[in-house]
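Grab a viewer and a cup of coffee. Below is a small set of exercises, each with a solution worked out step by step.

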Amino acid sequence: MNKSDYINAAESSLLHTYNRFPLVLDHGEGVYLYDTDGKKYLDFAAGIAVCALGYSNEAHKTALKNQVDALLHTSNLYYNEPTIAAAQKVLAASGMDRVFFTNSGTEAIEGAIKAAKKYAYTRDGHAGHEIIAMQHSFHGRSIGALSVTGNAHYQEPFEPLLPGVKFAEFNNLDSVKALITDKTCAIIMETVQGEGGIYPADEAFLSGVRALCDEHDILLVLDEIQCGMGRSGKMFAWQNYNVKPDIMTVAKALGCGVPVGAFLMTQKVADKSLAPGDHGTTYGGNPFVGAAVSAVFDQFEELSIIDHVNEVAPYLARRLDELVDKYDCLTAHRGMGLMRGLVCTLPVGKVSAKALENGLIVITAGSDVLRFVPPLVIEKEHVDEMIEKLEKTLDEMK
Ligand SMILES: *Cc1c(COP(=O)(O)O)cnc(C)c1O
């Protein structure tokens, strides 16, 4: 089959929930992807912040292959060794006390919401609690996760959603304060907003929210699904701030391509929240994904991924700043570590499409942001190559 055959087959069989770019990807190596025509692309999207180790990492692949040979799945009725190792590694990296593995980021959010509700239920002896979420947030597409996603366009057709969710303005502490009632059980936010346009939390905002939570026995839930796993320059973005969440979620890069997420909590929350019978999953934390997570943490250590991010990220930041100076259509640069956005006055979808022609994969966030979430193993030379391809793209669009 040629490219248009593949695309026609996809468009006549898959539910049309995505407007896909006309690209049929075949394989990857390092920070490059190749399509079925053999065309090479420099990848600054990493499968939406998933493929932190790039493509075809040998140790990751070997761990997966070995686990395929040994045991794929057992259910959560029994213990399995890879997932025990994975749990210990994610707890050690986060300083949290308990972890529940899920199949996706969305399910991690669902678990976090349930844990927060159960905590307040145990504390107060009744249900009916409220959650404060942020405008322009993104937490996923299931009904619970969608209910805390501050995007009316995503929500409207599916209402009524979860009751008792209120939206504050991100980085506006007073707007959070104004929404707190004696029913509030949790404040949920991304440490760095991703889909909403790459907005890092302000230091004062996050520590202010932490203080409010402490004052009212409200749980702080930080969504690290996109900004976590080293992308910010620390393993988890909140570790750049002087705060610790009560519950956190992680997914995307956690398995580096193997579908796995997790929600984690402190022992204080665990003691008063989900107990046997309260929550479950058939697949979540099976041996296969456990082996993936474990291999990812091992590779992070072996390759000193965090140090590497801290070496390359300032260079990427500088080069993006230069672009903002050079191009009138680029009006601002925001971000943290290897999670960056350029505000662009050209239609960003068209910039993305044009960049593909030039062999560069770059995605968008919000309505006017070009988003850069490359594999964490990129080198400065790849940054230079990206800038060159992006400049060519922008020049062609003038
Ligand atoms: C991607 C994302 C999710 C949803 O994760 P899925 O794996 O797509 O279900 C939730 N929160 C944030 C911040 C995300 O970036």
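The exercises look at helix packing, the ligand site and a few backbone details, and the model they use is a predicted one.

**Exercise 1. Work out how α3 and α11 are oriented to each other, and what sort of residues meet between them.**

Solution.
- Start with the geometry: helix α3 covers residues 58-70, helix α11 covers residues 287-302, and the two pack at an angle of about 155 degrees with their axes 9 Å apart.
- Angles over 145 degrees count as roughly antiparallel, so α3 is roughly antiparallel to α11.
- Next, the handedness: α3 passes α11 in a right-handed crossing.
- Now list who meets whom: α3 brings Ala59, His60, Ala63, Leu64, Gln67 and Val68, while α11 brings Pro287, Phe288, Ala291, Ala292, Ala295, Val296 and Gln299.
- Sort that contact by class and you get 10 nonpolar, three polar and no charged residues.

**Exercise 2. Do the same for α4 and α11: which orientation label fits them?**

Solution.
- Helix α4 runs over residues 81-94, and its packing angle with α11 is about 40 degrees, with the axes 7 Å apart.
- Roughly parallel would need an angle under 35 degrees, and α4 and α11 are therefore oblique to each other.
- Their crossing is left-handed.
- On the α4 side, the contact uses Pro82, Thr83, Ala85, Ala86, Lys89, Val90 and Ala93; on the α11 side, Pro287, Gly290, Ala291, Val293, Ser294, Phe297 and Asp298.
- The class count for this contact is nine nonpolar, three polar and two charged.

**Exercise 3. Classify the pair α12 and α14, then count the charged residues in their contact.**

Solution.
- Helix α12 (residues 305-326) and helix α14 (residues 380-397) have axes that come within 9 Å and cross at roughly 20 degrees.
- With 35 degrees as the upper limit for roughly parallel, α12 and α14 are therefore roughly parallel to each other.
- The crossing of α12 past α14 is right-handed.
- From α12, the residues involved are Glu311, Val312, Tyr315, Leu316, Arg319, Leu320, Leu323 and Lys326, and they meet Lys380, Val383, Asp384, Met386, Ile387, Leu390 and Glu391 in α14.
- Six of these residues are charged, nine are nonpolar and none is polar.

**Exercise 4. Find the residues around the ligand and pick out some polar atom pairs.**

Solution.
- Begin with the surroundings: Ser104, Gly105, Thr106, Phe138, His139, Glu190, Asp223, Ile225, Gln226 and Lys252 surround the ligand.
- Look at the backbone of glycine 105, where an N or O atom sits 2.8 Å from a ligand oxygen atom.
- Move on to phenylalanine 138: a polar backbone atom there is 3.3 Å from a nitrogen atom of the ligand.
- Finish with a side chain, that of glutamine 226, which places an N or O atom 2.8 Å from an oxygen atom of the ligand.

**Exercise 5. Where does the cis peptide bond before proline 160 sit, and what is the phi of isoleucine 48?**

Solution.
- The bond running from glutamate 159 to proline 160 is cis, with omega near 5 degrees.
- Proline 160 belongs to the loop between α7 (152-155) and β6 (165-168).
- Isoleucine 48 is not a glycine, yet its phi is positive, about 60 degrees.
- That isoleucine 48 is part of helix α2, residues 46-49.

**Exercise 6. Describe the surroundings of aspartate 26.**

Solution.
- Place the residue: aspartate 26 is in strand β1, residues 25-29.
- Skip neighbours within four places in sequence, and its contacts are Tyr34, Asp35 and Thr36.
- Add the side-chain pair: aspartate 26 and histidine 27 are joined by a polar contact of 2.8 Å.
- For a distance check, the C-alpha atoms of aspartate 26 and threonine 345 are 32 Å apart, with these positions 319 residues apart along the chain.

Note on methods. Residues numbered from 1 in each chain as written. Predicted model: local features only at pLDDT ≥ 70, side-chain atom pairs only at ≥ 80, totals over all residues. Heavy atoms only, no water. Axes fitted to C-alpha atoms, helices over the stretch in contact; angles between N-to-C directions. Helix = DSSP H or I, 4+ residues; strand = E, 2+ residues; numbered from the N terminus. Parallel < 35°, antiparallel > 145°, perpendicular 65-115°, else oblique. Left-handed = near helix turned anticlockwise from the far one by under 90°. Contact = heavy atoms within 4.5 Å. Nonpolar A, V, L, I, M, F, W, Y, C, P; charged D, E, K, R; others polar. Near = heavy atom within 4 Å. Polar contact = N/O pair within 3.5 Å; in protein donor to acceptor, adjacent residues only side chain to side chain.
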